[in-house]
Each structure stands twice: as C-alpha cells, then as structure tokens.
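Here is a short report for a reader meeting this protein for the first time. It moves from the whole chain to single residues.

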Amino acid sequence: MNVLLIDGHPDLNQSTANAVILKHYKKNTTWTINHLGGRALNLPEEQAALLIADVVIIQFPLYWSSFPAILKNWIDDVFTFNFAFGPNGSLLKNKKLVFSITAGAKEDSYAKNGFNLMPIEDYQRAFEHVFRAAEMDIVDTILTFEMNADTNEGGNQSSCVQLANNHAKTVMSCISLLK
C-alpha cells in the first residue's frame, strides 16, 4: 500500500512532538514523507504523489486551533480547479485520508467555556472542508492533546515524547487496518 504523509510542521527543529512522530515513521514504515517546511513546492510532483497514493496522511500541529500557514499554502497551491474539484476535477475522489494532529493544549480547553471557546469538532469542520470538497474519504482523525514539551508553558519533555510515540503507533495501527 502506497502511503503518502504530508507533514505540515513549518520547522521540525522547533518541534518535539512532530519530530518524534516523523522519526518513528521513518524508522518503522516505508511511507513517503513530504515535509513542507523549508522547500519550494513543485506542483506537478505534489499532485502526482497524491494521485499514486492509496492513503494520504495529513500531519500537523494545531496552531491557534487550525493548521499552520505552510499547510494552508500547500492546500491553496495543490488543490486546484480541475484537479481537486471542478467539472474535470475530483481526481482525489474516494482517496483515503487520515488526519494526524498534535495539540499542546489540554482537551478541556476546547469547550464552549474553555480557552479556545469551541469544541475541537467545530474547528475541525473548517480544516476538513477542502478535503471534503475534493471528495476524499476521511477515514479517521487522530488527535493527541497535551503534547507540549516547553517547560516555560507548563509542558513536560518526557511526557511529550511518550505521547508522540503513542500517537505514531496509533496512526500506524489505523493505516494497517486499511489494507
């Protein structure tokens, strides 16, 4: 099975959770991993990679309850008219998709009375929109909270690493069930 992972973290040198997750995948899978940070996009290559993938994983940290700008830019550039949608589009129709998301915040911060003011599902509908418009089959969303390694923000390095490894194993298990 051809698995394509799009990593939307802008700078893995500034990451604990996402860096650990990607290291786990590189060691334990044969997945194609396209890290968006620090590279120019080649539109034909990006679209070709999506077309040959059996499963697409969109990996990203929540940034203010959404995905990082680098991932939004990739979507804007790659999900074009007559490729992802339109009368001659929907080339990604029924392609399996898994969201793999890390969040530094606690889960209870995503409540009507929490810091983020809304349940995570409300934010999720917004970032799922483009993939639903492309008629992709969203198989699962794997979201792990409290993945904060910054002690200045109340985080814990060892806890974050453990959560990241568990997150990676959960994503891998999800993908193995799709075979």
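How many helices and strands does the protein have? This is a predicted model. The protein has five helices and five strands. Read from the N terminus, they run β-α-β-α-β-α-β-α-β-α.

**Overall form**

Start with the whole chain. The protein has 179 residues and a radius of gyration of 16 Å, which agrees with the value near 16 Å for a compact globule of that length. Along the principal axes, its C-alpha atoms fill a box of roughly 50 × 40 × 35 Å. Buried residues make up 47% of the 179 residues.

Contacts reach across the sequence. Take the contacts in the protein with a separation of 6 or more: 76% of them come from residues 24 or more positions apart.

Now the surface. The accessible surface comes to about 9300 Å². Carbon and sulfur atoms account for 49% of that surface. The side chains include 14 positive and 18 negative ones. The centres of these two sets lie 6 Å apart.

**Helix α1**

Helix α1 covers residues 17-28, so to speak a run of 12 residues. From its first C-alpha to its last, helix α1 reaches 17 Å, close to the 16 Å expected at 1.5 Å a residue.

Which residues of α1 are buried? They are A17, N18, V20, I21, L22, H24 and Y25. An α-helix has 3.6 residues a turn, so residues three or four places apart point the same way. The buried residues of α1 pack against four strands and a helix, namely β1 (3-7), β2 (32-35), β3 (55-61), β4 and α5 (157-176).

**The loop between α3 and β4**

Three residues of interest sit here. The loop runs between α3 (69-78) and β4 (96-102), and N82 is found in it. F83 lies in this loop too, and so does N94.

Two of them have an unusual backbone angle. Most residues other than glycine have a negative phi. N82 has a positive phi of about 70° although it is not a glycine. Phi of N94 is also positive, near 70°, and N94 is a residue other than glycine.

Are the loop residues buried or exposed? The table gives each value, with S65 added from the loop between β3 and α3.

| Residue | Relative accessibility | Class |
|---|---|---|
| N82 | 28% | partly exposed |
| N94 | 56% | exposed |
| F83 | 5% | buried |
| S65 | 5% | buried |

The classes follow from two cut-offs: buried means under 20% relative accessible area, and exposed means over 50%. N82, at 28%, is therefore partly exposed. N94, at 56%, counts as exposed.

**F83 and S65**

What is F83 in contact with, leaving aside its neighbours within four places in sequence? The list is Q47, L50, L51, V78, G89, S90, L91 and L92. F83 is buried, at 5% relative accessibility. Its distance to A17 is 32 Å, C-alpha to C-alpha, with their positions 66 residues apart in sequence. A17 is one of the buried residues of α1.

S65 is buried as well, at 5% relative accessibility. S65 and G86 are 21 residues apart in sequence. In space they are 29 Å apart, C-alpha to C-alpha.

Key. Residues numbered from 1 in each chain as written. Predicted model: local features only at pLDDT ≥ 70, side-chain atom pairs only at ≥ 80, totals over all residues. Heavy atoms only, no water. Helix = DSSP H or I, 4+ residues; strand = E, 2+ residues; numbered from the N terminus. Rg over C-alpha atoms; globule rule 2.2 N^0.38 Å. Buried < 20%, exposed > 50% of the residue type's maximum accessible area, 1.4 Å probe, protein only. Contact = heavy atoms within 4.5 Å. Areas by Shrake-Rupley, 256 points an atom, 1.4 Å probe, with all protein chains shown as cover. Lys, Arg positive; Asp, Glu negative; His and termini not counted. Charge placed at Lys NZ, Arg CZ, Asp CG, Glu CD. Expected span 1.5 Å × (residues − 1).
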